[in-house]
Amino acid sequence: MTTFGTQFCASFATARFEDDAWQAHRIEPLAPLSLHPAAHVFHYASTCFEGFKAYRWADGKARIFRLHDHVRRMQGSAESLRLPIPDADLLAAMVTELVAAEVEQIPAPPSSLYLRPTLIGTLENIGAAASPSTTALLYVLASPVGDYFSGGARPLKLLVDDQRARSTEQLGSTKTGGNYAAALGPTLDAKARYGVDQVLFCPGGDVQETGASNFLLISDNEIVTKPLDTSFLHGMTRASILTLAADLGYKVNERNFTVEELLEYAKTHEAALSGTAACLSPVGTLVYRGEEVPVRDGEAGKNTDRLRDALQDIQYGKAADTHRWLTTV
Ligand SMILES: *Cc1c(COP(=O)(O)O)cnc(C)c1O
């Protein structure tokens, strides 16, 4: 399988917001878009997206993971950017019809079909810096993706940055392009300087998340992570892992914690990053103020493996979907 995100299905779904209403959606051949160079998105970053997966089970049908929760999250992102909010039924239909059209293209688990709804402001007005885009394009891309861990789950190394924020207080929980632009420079600098994989953003010492993943601490009996607020992205993988952890008898401890506390936790707890692309990835090393701090023995831990397996077993159809997270197409 090719690199994550570089291969696309032959069709995509589109819908436009014009004349104050969402127009009928279409499934059409994937092709370049034609946009006016003054489009709001190019100048004022009126864009948000979603990312989630569909799996093809042995019965030949696809199962989309937490479709309706992702639709809701996209509505929240659109609202925070003052973009036209996609109707829930419209976006869900675009996704399910696209998956139905491309079901044959979904590779068997652990591979999957990654779905990428995208919403952009198309208003042709470079004077609209302080006004919303009143027209928009919504589209859904489908991309077959392989097993993220085909080379084995090497524990990650993170730079702990206790100064900079990944995003802003008002957009941290919005899945919008500008947040990744803000995290890119610091992340590339940290890779070059410290050989780390990612930066764990902890502004003022508050442990938040990395550029595109949530951060969790896990022991034999508890799971610790930051409680929901607008400073970070509310990951569906995070939420699912917390739910399954509770099912398995772990204490779910959603609390704010500082870098100082993190360094203490690292002696006793496993650390992991969560997100749709890589599910749950072990963190083996933290780099703080130029010093390397191992997370326990620096190796992937058994609780991380156990929780990842519990989630993937549901996604792959090996365990019952007791929380009704899957939509069958
Ligand atoms: C998408 C994303 C996540 C993970 O969210 P999931 O719903 O678990 O895929 C975490 N942090 C950021 C900044 C993200 O963009």
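**Group meeting: the ligand site and the salt bridges**

Okay, let's start at the ligand: one of its oxygen atoms sits 2.6 Å from an N or O atom in the side chain of threonine 237. Keep in mind that this is a predicted model. Taken alone, the ligand would expose 380 Å², and the protein buries 96% of that.

What else is around it? There are 16 residues surrounding the ligand, and the closest are Lys175, Tyr180, Glu209, Thr237 and Thr276. The backbone takes part as well. A polar backbone atom of methionine 236 is 2.7 Å from an oxygen atom of the ligand, and serine 213 has a backbone N or O atom 3.4 Å from a ligand nitrogen.

Let me pick two of those closest residues, beginning with lysine 175. You'll find lysine 175 in the loop between S9 and H4. Where is its nearest side chain of opposite charge? That would be glutamate 50, 5.9 Å away, and lysine 175 is buried yet has no salt bridge. The salt-bridge cut-off is 4 Å, so a gap of 5.9 Å to glutamate 50 doesn't qualify. If you skip the neighbours within four places in sequence, lysine 175 is in contact with Thr47, Cys48, Phe49, Glu50, Gly51, Arg73, Ser77, Tyr180 and Leu233. Tyr180, you'll remember, is also on the list of residues closest to the ligand.

Now glutamate 209, which does have a partner. Glutamate 209 forms a salt bridge with arginine 166, with the closest N and O atoms 3.0 Å apart. This pair links distant parts of the chain: glutamate 209 is in the loop between strand S10 (198-201) and strand S11 (214-218), arginine 166 is in the loop between S9 and H4, and they are 43 residues apart. Buried or exposed? Glutamate 209 is buried, with a relative accessible area of 3%, and arginine 166 is buried, also with 3%.

On to the other salt bridges; the structure holds 17. One of them joins aspartate 162 and arginine 289, where the closest N and O atoms are 3.1 Å apart. Aspartate 162 is in the loop between strand S9 (156-161) and helix H4 (177-194), while arginine 289 is in the loop between S15 and strand S16 (291-294), so this pair ties together parts 127 residues apart in sequence. Aspartate 162 counts as buried because its relative accessibility is 13%, under the 20% cut-off. Arginine 289, at 65%, counts as exposed.

For a local example, go to helix H6 (residues 259-268), where lysine 267 and glutamate 264 both lie, three residues apart, about one turn of the helix. Their side chains meet in a salt bridge at 2.8 Å, N to O. Lysine 267 is exposed, with a relative accessible area of 56%, and glutamate 264 is partly exposed at 48%. Elsewhere, Arg66, Asp69 and Arg72 are joined into one network by salt bridges that share partners.

Last stop, leucine 280, which brings us back to threonine 237. Those two are 43 residues apart in sequence and 7.9 Å apart in space, C-alpha to C-alpha. Leucine 280 belongs to strand S15 (residues 279-288), and it is buried, with a relative accessible area of 0%. What does leucine 280 touch, leaving aside neighbours within four places in sequence? Among its contacts are Phe149, Leu216, Ile218, Ile241, Leu273, Thr304 and Leu307. Arg308 is in contact with leucine 280 too.

That's my tour, thanks.

Note on methods:
Residues are numbered from 1 along each chain as its sequence is written. This is a predicted model: local features need pLDDT of at least 70, side-chain atom pairs count only at pLDDT 80 or more; totals for chains, interfaces and linings use all residues. Side-chain values use heavy atoms; hydrogens and water are left out. Helices (H or I, at least four residues) and strands (E, at least two) are DSSP runs, numbered from the N terminus. Buried means under 20% relative accessible area, exposed over 50%, partly exposed in between (1.4 Å probe, protein chains only). Contact means heavy atoms within 4.5 Å. A residue is near a molecule or strand if one of its heavy atoms lies within 4 Å of it. A polar contact is a pair of N or O atoms within 3.5 Å; within protein, one must be able to donate a hydrogen and the other to accept it, and residues adjacent in sequence count only if both atoms are side-chain atoms. Accessible areas come from the Shrake-Rupley method with a 1.4 Å probe; for residues, only the protein chains shown count as cover. Lys and Arg count as positive and Asp and Glu as negative; His and the chain ends are not counted.
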